[in-house]
Amino acid sequence: MMKRILLAVTLYIPMIAGAGNPYVELKNVVPFRDSYSQTTTSHLRLGYKLKNNLYVEGGVMSHGTSYEAGYKFSRGNWSIKGKWEGLNSNQRDTFNSKLQTEIRFTFGD
């Protein structure tokens, strides 16, 4: 059910938002814990970035699927960036997600 909702949102937003840019992204994650690496995870995602700094993307990963939606806004020396990311892994029984927010002040010009 969650996959269908995210797919519908991914397809619907570009239609209502006007101009934007589609993209493809490859991401590789290697976690390090206790000075040795764990199993790596590779993501291949198709996405769409809207002119208003919002984006949606989704695709396959090494052991399941993953989805993400986010934003980034800047004003002067301040920027705020946030995203929701979810993944459905074949290696666990539950859907895993996270919400991440970054607020940045840059010194100088």
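Student: How many aromatic pairs does the protein have?
Tutor: This is a predicted model, in which local features need pLDDT of at least 70, side-chain atom pairs count only at pLDDT 80 or more, and totals for chains, interfaces and linings use all residues. Residues are numbered from 1 along each chain as its sequence is written, and side-chain values use heavy atoms, with hydrogens and water left out. Rings of Phe, Tyr and Trp (its six-membered ring) pair if their centres lie within 6.5 Å; planes under 30 degrees apart count as stacked, over 60 as edge-to-face, and the rest as tilted. By this rule, the number of aromatic pairs is 3.

Student: What kind of aromatic pair do the rings of Tyr71 and Phe73 make?
Tutor: The ring centres of Tyr71 and Phe73 are 5.8 Å apart. Their planes stand at 25 degrees, so the pair is stacked.

Student: Is Tyr71 buried, partly exposed or exposed?
Tutor: Buried means under 20% relative accessible area, exposed over 50%, and partly exposed in between (1.4 Å probe, protein chains only). Phe73 has 38% and is partly exposed. Tyr71 has a relative accessible area of 26%, so Tyr71 is partly exposed.

Student: Which order of helix and strands does the protein follow along the sequence?
Tutor: Helices (H or I, at least four residues) and strands (E, at least two) are DSSP runs, numbered from the N terminus. The protein has 1 helix and 8 strands. Read along the sequence, the pattern is α-β-β-β-β-β-β-β-β.

Student: Which residue in β4 is the bridge partner of Gly20?
Tutor: Two strands pair if DSSP finds at least two bridges between them. β1 and β4 do so over 10 bridges, in the antiparallel sense. In β4, the bridge partner of Gly20 is Leu50.

Student: Which residue takes a positive phi in the hairpin of β4 and β5?
Tutor: Strand β5 (residues 54-61) is joined to β4 by 7 bridges, and the two run antiparallel. One of these partnerships puts Gly47 with Glu57 in β5. The hairpin has 3 residues between its strands, and the one with a positive phi near 70 degrees is Asn53.

Student: How many residues apart are Glu85 and Lys27?
Tutor: A salt bridge is a side-chain nitrogen of Lys or Arg within 4 Å of a carboxyl oxygen of Asp or Glu. The side chains of Glu85 and Lys27 form one, at 3.3 Å from N to O. The pair links distant parts of the chain, with Glu85 in strand β7 (residues 78-89) and Lys27 in strand β1 (residues 20-29), and the separation is 58 residues.

Student: Which strand holds Arg45, the other salt-bridge partner here of Glu85?
Tutor: Glu85 counts as buried because its relative accessibility is 7%, and Arg45 is buried too, at 1%. The side chains of Arg45 and Glu85 meet in a salt bridge of 2.6 Å, N to O. The two residues are 40 apart in the chain, Glu85 being in β7 and Arg45 in strand β4 (residues 41-50).

Student: Which strands does the salt bridge of Glu102 and Lys81 tie together?
Tutor: The closest N and O atoms of Glu102 and Lys81 are 3.5 Å apart. The two residues are 21 positions apart in sequence, Glu102 in strand β8 (residues 95-105) and Lys81 in β7, so the bridge ties together β8 and β7.

Student: Which residues are joined into one network by salt bridges that share partners?
Tutor: Glu102 counts as partly exposed at 31%, as does Lys81 at 35%. The network of shared partners joins Lys27, Arg45, Glu57, Glu68, Lys83, Glu85 and Lys98.

Student: What is the area of the nonpolar surface patch?
Tutor: Patches are made of residues with over 30% relative accessible area and no salt bridge; like charges are joined within 9 Å, nonpolar side chains (Val, Leu, Ile, Met, Phe, Trp, Tyr) within 5 Å. β7 and β8 each supply at least two residues of this patch. Made by Leu54, Phe73, Trp78, Ile80, Ile103, Phe105 and Phe107, the patch covers about 740 Å².

Student: Which residues form one aromatic cluster with Phe107?
Tutor: Phe107 sits in the segment after β8 and counts as exposed, because its relative accessibility is 72%. The cluster joins Phe107 with Trp78 and Phe105.

Definitions and conventions. Areas by Shrake-Rupley, 256 points an atom, 1.4 Å probe, with all protein chains shown as cover.
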